Amino acid sequence: MTTRAAVFWGPGEPFTVEEIELAEPGPEEVVVRIAAAGICGTDLHSVKGEFRRPTPMVLGHEGAGVVEVVGSEVDGLAPGDQVVLSWAPSCGECADCRRGRPAACTRLHDALGKGTLVDGTTGLSLRGETVYRGTATGCFAERVVVSSRVALPIGEGVPLREAALLGCAALTGVGAVLFAARVEVGSSVLVVGAGAVGQFAVQAAHIAGAETIVAADPVEGRLEQVLRLGATHGLDPAELAERLAEIAPDGADYAFDAVGDPATTEIALACTRSGGTAVMVGLPAAGARLDLEPAHFIRREKWLTGTMYGSEDPAIALPILLEHVRAGRLDLSGLVGPEYSLDRIDEAIDAALAGTPGRVLVTP
Ligand SMILES: [Zn+2]
Ligand SMILES: [Zn+2]
């Protein structure tokens, strides 16, 4: 079996669209025809050389599509089913997996660094050479073969180009607020960075009943976007400290770093009230280090924590998100940004690097 896929060759090099070989699906695997895949900050870390990953590689891990083929032992999925891909095809056996945290699976993290699935294979090749998988998925392609456990059915009614956003940005941003921090009614919330993850965090804070929701981002158009999604204030980062002192004089009850940079984590922590909680949501570049003032934790008793993929099993979290979508509480359509065909992947990556109000999609 073959598929067209956008192949990444290394930082600074153009992608090429190739007809690559796909291993036949095993008994517990499915073939998914990809309808849309979002470009996530993790893909951009590879593009910018901030993550060292083997190449050639097919990036893309925020995908939705339609099941085409199911293996002989797959239960609960049939050809024609619409699915969102989880990027955590974990081992299912380690302590983190048994605790319902597949995205924290130690074997998965080893595999992510090596560009493979947890069994060490990729199932992809080009002219006899191994092609690696970005984030254990690789969905900047027309088709992917994945474990049936990570093809999560979404039923009917959610357009696939919108559903793609559920696969990473929504599970991550909503989960950070509802499942990791567990924001309470009446809280004050700060979201640093209003890309897709930050926009989902804002919506989740609104769902949780937060009274004050402040979002900060320098990219044009994103502040209008967060105000529409439930933020009470949209601020330029340059005015954040001064304005927050008026809006929440003690600091925010919860502050989320949706960027994933030591500088933005420090801003989030600095803006957290005494005894409040700062949460790292965005993934920092490899080798990033935090340099923090101990007084935040001792004198002011703040908490600093992090969340991976929303701190919940995607198979459990996704139906909850879908309920919010169907009830009109969680907007997907307004977060969809420009769409590019596979052949225009370089333009799509440039648009994502420049920053847009909506998520940049690759639609094979
Ligand atoms: Zn992602
Ligand atoms: Zn595991």
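I count as helices the DSSP runs of H or I with at least four residues, and as strands the runs of E with at least two, both numbered from the N terminus.

**Setup**

I am working on a predicted model, where local features need pLDDT of at least 70 and side-chain atom pairs pLDDT 80 or more, while totals for chains, interfaces and linings use all residues. Residues are numbered from 1 along each chain as its sequence is written, chains are lettered from A and ligands numbered from 1 in the order written, and side-chain values use heavy atoms, without hydrogens and water.

**Second largest pocket**

I looked up the second largest pocket (on a 1 Å grid over the protein atoms alone, an open set of points with protein on both sides within 12 Å along at least five of seven lines). Its volume, the space filled by probe spheres set on the points, is about 450 Å³. I find 25 residues in its lining (an atom within 4 Å of a point). Glu 29, Leu 117, Asp 119, Val 146 and Ser 147 lie nearest the centre of this pocket. Strand β10 provides the largest share of the lining, three residues. I sorted the lining by class (nonpolar is Ala, Val, Leu, Ile, Met, Phe, Trp, Tyr, Cys and Pro; charged is Asp, Glu, Lys and Arg; polar is the others, Gly among them). The result for the second largest pocket is 10 nonpolar, nine polar and six charged residues.

**Cavity**

Next I looked for cavities, sets of points where a 1.4 Å probe fits but cannot get out. I get one cavity of 30 Å³ or more. The largest cavity has a volume of about 50 Å³. I list its lining as Thr 3, Ile 20, Leu 22, Val 58, Leu 124, Arg 133, Thr 137, Gly 138, Ala 141, Arg 143, Val 144 and Val 145. The elements giving two or more residues to this lining are β2 (16-22) and β10 (143-147). With three residues, β10 gives the most to the lining of the largest cavity. I note β10 again here, having met it as the provider of the largest share of the pocket lining. By class, the cavity lining has seven nonpolar, three polar and two charged residues.

**Zinc ion, ligand 1**

I then checked the metal sites, taking as donors the N, O and S atoms within 2.8 Å of the metal (3.2 Å for Na, K and Ca). Water is not among the atoms, so I keep in mind that a site may look incomplete. For the zinc ion (ligand 1) I find the protein donors Cys 40 (SG), His 61 (NE2) and Cys 168 (SG), at 2.0 to 2.2 Å. Their spacing in sequence is C-x20-H-x106-C. Cys 40 and Cys 168 link distant parts of the chain, 128 residues apart. Cys 40 sits in the loop between β3 (29-38) and α1 (41-47), and Cys 168 in the loop between α4 (160-163) and α5 (169-181). I call a residue buried when its relative accessible area is under 20% (1.4 Å probe, protein chains only), exposed when over 50% and partly exposed in between. Cys 40 counts as buried because its relative accessibility is 6%, and Cys 168 because its value is 5%.

**Zinc ion, ligand 2**

The zinc ion (ligand 2) is coordinated by the SG atoms of Cys 91, Cys 94, Cys 97 and Cys 105, at 2.3 to 2.4 Å. The angles among the four donor atoms run from 105 to 115°, and I record the site as tetrahedral (four donors, all angles between 85 and 135 degrees). Along the chain the donors follow C-x2-C-x2-C-x7-C. I find Cys 91 and Cys 94 buried.

**Aromatic pairs**

I counted two aromatic pairs (ring centres of Phe, Tyr or Trp within 6.5 Å, the six-membered ring for Trp; stacked under 30 degrees between planes, edge-to-face over 60, tilted otherwise). Phe 8 and Phe 15 are tilted, because their planes stand at 40°, with 5.5 Å between the ring centres. Phe 8 and Phe 15 are buried. Trp 87 and Tyr 309 are stacked, at 4.1 Å centre to centre and 15° between the planes. Where in the chain do Trp 87 and Tyr 309 lie? Trp 87 is in the loop between β6 (82-85) and α2 (95-98), Tyr 309 in the loop between β17 (303-306) and α10 (314-326), 222 residues apart. Trp 87 is buried at 6% relative accessibility, and Tyr 309 is buried at 3%.

**Two alanines**

Ala 64 lies in strand β5 (residues 62-70) and is buried, at 0%. I get 8.4 Å from Ala 64 to Arg 33, C-alpha to C-alpha, for 31 residues in sequence. Ala 255 lies in strand β15 (residues 252-257) and is buried, at 0%. From Ala 255 to Thr 3 the C-alpha separation is 42 Å, for 252 residues along the chain.

Methods:
Four donors count as tetrahedral if all angles lie between 85 and 135 degrees; four count as square planar and six as octahedral if opposite donors are over 155 degrees apart and all others between 65 and 115; anything else is irregular.
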